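Colleague: I have some questions about how you justify your labels. Can we go through them with the model open?

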Amino acid sequence: MGRSKLSSGVHVPLITPFTASGEVDVASLETLAHELLAGGAAGLVALGTTAEVATLTADEKARIVDAVAGVCREHGAPLMVGAGNNDTAASVEALIALKAVPEAVAALTLVPYFTRPSEAGVIAHFTELAAASPVPIVIYHIPYRTGQDLSASALGRLGRLPGIAGVKYATGGITGETVELMADLPDDFAVMAGDDAFFSPLLAMGAHGGILASAHLAVGSFAELVRAWHSGDAVTAAALGHRLSRLSAALFTEPNPAVIKGVLHAQGRIPSAGLRLPLLPAGPEAVAGALSAFEDLAP
Ligand SMILES: O=C(O)C1=N[C@H](C(=O)O)C[C@H](O)C1
């Protein structure tokens, strides 16, 4: 099985806390980042989908990356930064800008969305990006958001490109394509689960770790799940995986990260559950359901 130099374990794609007046709350972000690394996260991801990145200005993105990089530096933890869009030239520029972030060990880069190029076009896109990027790229494959499907063989070809470290695999399920991919992984290519509810089954199939918004809650249990599968303790892993999948399902009953923010706010971990439009705050039933799933995790 191919193995990447990316740290295995759970990497948390951070939410962006906002103040009551809607500004980025950098102090709360730093506190959360410290808590997650102290609680067992293998690393942090800045500017993922969960960060509501589409609504952030360039200045806000820079302040967020700077703050999260500072926390990673203190903990000696790896930082992944979301960079790139559906324009190859603009994505090259965004990746080159990561030279200014020495803590960044990888870029999380979306499969080009909306345009729907051929698979050969996607491969040409990532070939240019990987050649220009100062850090290895983790391909963010989420076809139900990007509108761009990719076969297992195309992902395998991408994984064999120099400069591609892995894939955040979020296809909304486990299919024959998943089986084909996992059965023939390129060397040094990490499959990171990106659909929270499928984390445990993907680990059982050989995934390296996960990039999971759910790990804002119960990060230690998610880390324990990786240890259990990777050490071959399938009995512990399967039971824990089932409990965590119920938590993840409860956290995704409304568009991410509305419920996660609602729960963090209810737990007093962020001062406001506010989101930016077009996302709306989670309803009280969704937050109560997720809090109850969280409480059910306790042994
Ligand atoms: O921001 C991310 O990275 C993640 N985004 C996914 C989504 O919102 O669809 C969920 C996943 O947990 C991490």
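Modeller: Start with Y140. In this predicted model, Y140 sits in strand β5, residues 137-141.

Colleague: What makes Y140 buried?

Modeller: The cut-off is 20 or more other C-beta atoms within 10 Å. Y140 has 26, so Y140 counts as buried.

Colleague: And why is K168 called buried?

Modeller: By the same test. K168 has 28 other C-beta atoms within 10 Å, so the label holds. K168 belongs to strand β6, residues 164-169.

Colleague: Which residues is Y140 in contact with, leaving aside neighbours within four places in sequence?

Modeller: L108, T109, L110, V111 and K168. A contact needs C-beta atoms within 7 Å.

Colleague: And what does K168 touch, not counting residues up to four places away in sequence?

Modeller: L108, V138, Y140, H141, M192, G194 and I211.

Colleague: Where does UniProt place the feature "active site"?

Modeller: At Y140 and K168, in an unreviewed entry. They span 29 residues in sequence, yet their C-alpha atoms are no more than 4.8 Å apart, so they gather at one spot.

Colleague: How do you know that the radius of gyration agrees with a compact globule?

Modeller: The rule is 2.2 Å times the number of residues to the power 0.38. For 299 residues that comes near 19 Å; the protein has 18 Å, so the two agree. The C-alpha trace spans about 45 × 45 × 35 Å along its principal axes.

Colleague: How many helices and strands are in the protein?

Modeller: 12 helices and 8 strands. Of the 299 residues, 49% count as buried.

Note on methods
Residues are numbered from 1 along each chain as its sequence is written. This is a predicted model: local features need pLDDT of at least 70, side-chain atom pairs count only at pLDDT 80 or more; totals for chains, interfaces and linings use all residues. UniProt positions are given in the numbering used here, feature names are shortened, and annotations may be inferred rather than shown by experiment. Helices (H or I, at least four residues) and strands (E, at least two) are DSSP runs, numbered from the N terminus. A residue is buried if 20 or more other C-beta atoms lie within 10 Å of its own, exposed if 12 or fewer, and partly exposed in between; C-beta atoms are placed from the backbone. Two residues are in contact if their C-beta atoms, placed from the backbone, lie within 7 Å.
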